[in-house]
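Reader: I would like a close look at one part of this model, the surroundings of its ligand. Please keep it brisk and define terms as you go.

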Amino acid sequence: MTATQTIAIRGAGIMGLTTAYCLKNALPEAKITIYDPKGFPADNASFMAGGMLAPYSEIEHMNMDWVKAGLESIKFWGELPLYTGFVKNGSLLVACAEDRYILARFKPHLPEEVQTTVATKDLEPALGSQFTSGLHLAEEAHLDPRKTMTSLSEWLEKKGVELSTAQGVTKEHDWTIDCRGMAANDKAIRGVKGETLLVRNPEFELSRPVRLMHPRYPLYIIPRGNGIFMIGATVIESGENENVSLRSSMELMSALYALHPSFGEAEIIDLKAGIRPSYEDNLPRIRINEDSKTISCNGLFRHGYLLAPVMAMCVASHIQGKQHEFMPLFDKGLKDESHDKRAA
Ligand SMILES: Cc1cc2nc3c(=O)[nH]c(=O)nc-3n(C[C@H](O)[C@H](O)[C@H](O)COP(=O)(O)OP(=O)(O)OC[C@H]3O[C@@H](n4cnc5c(N)ncnc54)[C@H](O)[C@@H]3O)c2cc1C
């Protein structure tokens, strides 16, 4: 490959933005255009996400190879020289007395070295006395998706990446990277709706995200600074619409109120839903078609911020003619069932 190759990236969600970032760093001379009709930053699933970087919390859904990929992404976010609101203070998993069995059941899934039980009041004194102890996952982190997408978009523009709002690719490119999420032409992708609530409550303080282990509402609350908190997210098997249901909004609000009565007076800032692009196993894929020089990156489900940076590094390595160590995790080969459906 020559240094002056041209690359189109379709979609400016977190997948497209991190891909553009990694490619611009790896190939500074390349002419990169990122397309998204919704603009920069686009209002999409990535924009309204929680921004949890929580591989151990997700360990019931992914094995240790994926956890390692997630830890690599946390390193990426920690070293990124842009403002993202990144904080690495771990996360705290708590349960009310009647739900403590969920915490006890979850703990053995974790590697022994990260099974740290703490007195809740030592880490998060504002939490009520119903949560006496919890699990502190110190390697986990979080960031602010809206700030992250804004910073990445600004950086890309400053570095000469063309930001286009055209619906289709308007010129020839050596490579096309498809990061369109739900809009990609991939029949194996399904939508999983997630709803979140953003509130302001200056009476309450947290230093890290708190995950509520609850049989019906496994939710997390993330501090955004200045008394602002996000609570989310519901997990609903539907890609039909981005409306927030009355039931979900009541569940999110009552979970907050149960966490601390001061949330009764909290000001509602935003109530929003997004659709997570997901494959059947809820794990993402990179598909490379060497004939058409297209690479598709999709299926990030609940793990867009957790896994997109590593996938972006894999894509940048591939275009440079190298194999990234994490590529085998994402590249299931062209014979995979969902690729066949997509190609049909
Ligand atoms: C409520 C909620 C909470 C979440 N919380 C977390 C979390 O805490 N941590 C985490 O890691 N992940 C989280 N996620 C998951 C994460 O948001 C998704 O995995 C991620 O957003 C997927 O990113 P994407 O770039 O693939 O797709 P998207 O963000 O959907 O972006 C796709 C983009 O493609 C664009 N597009 C569509 N058509 C075209 C076209 N023709 N040409 C060009 N562009 C096009 C769209 O406009 C869109 O901007 C959450 C998701 C939701 C919904």
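How many residues of the shell around the ligand are nonpolar, how many are polar and how many are charged?

Author: This is a predicted model, in which local features need pLDDT of at least 70, side-chain atom pairs count only at pLDDT 80 or more, and totals for chains, interfaces and linings use all residues. Residues are numbered from 1 along each chain as its sequence is written, and side-chain values use heavy atoms, without hydrogens or water.

The shell around the ligand holds 17 nonpolar, 12 polar and six charged residues. Here Ala, Val, Leu, Ile, Met, Phe, Trp, Tyr, Cys and Pro count as nonpolar, Asp, Glu, Lys and Arg as charged, and the others, Gly among them, as polar. There are 35 residues around the ligand, each with a heavy atom within 4 Å of it. Asp-36, Asn-44, Ser-46, Met-52 and Phe-301 come nearest.

Now the polar contacts (pairs of N or O atoms within 3.5 Å). Each of the three below ends on an oxygen atom of the ligand. A polar side-chain atom of Asp-36 lies 2.6 Å away from such an oxygen. For a side-chain N or O atom of Asn-44, the distance is 2.8 Å. Ile-14 takes part through its backbone, with an N or O atom at 3.2 Å. Alone, the ligand exposes 1,000 Å², and the protein buries 94% of that (Shrake-Rupley areas, 1.4 Å probe). Four elements give two or more residues to the shell: helix 1 (14-26), strand 10 (190-200), strand 14 (267-278) and helix 7 (304-319). Helix 7 gives the most, three residues. Helices (H or I, at least four residues) and strands (E, at least two) are DSSP runs, numbered from the N terminus.

The ligand lies between domain 1 (6-49 + 144-188 + 280-343) and domain 2 (91-138 + 190-278), because both give residues to its shell. These bounds come from an automatic or database domain assignment. The domain centres, taken over C-alpha atoms, are 29 Å apart. Their contact takes 17 residues from domain 1 and 16 from domain 2, with heavy atoms within 4.5 Å as the cut-off. About 1,400 Å² is buried between the two domains, and carbon and sulfur atoms give 57% of it. On the domain 1 side, Met-48, Met-182 and Phe-301 lose the most area to domain 2, together 40% of what that side buries. Buried area is the accessible area (1.4 Å probe) that two parts lose on being put together, summed over both. Phe-301 thus appears twice: it is also among the residues that come nearest to the ligand.

Some backbone details remain. Most residues other than glycine have a negative phi, and most peptide bonds are trans. Phe-40 and Pro-41 are joined by a cis peptide bond, with omega about 0°. Pro-41 sits in the loop between strand 2 (31-35) and strand 3 (52-53). The bond from Gly-232 to Ala-233 is also cis, with omega near -15°. Asn-282, not a glycine, has a positive phi of about 60°. Its loop runs between strand 14 and strand 15 (285-289).

How values were computed:
Polar contact = N/O pair within 3.5 Å; in protein donor to acceptor, adjacent residues only side chain to side chain.
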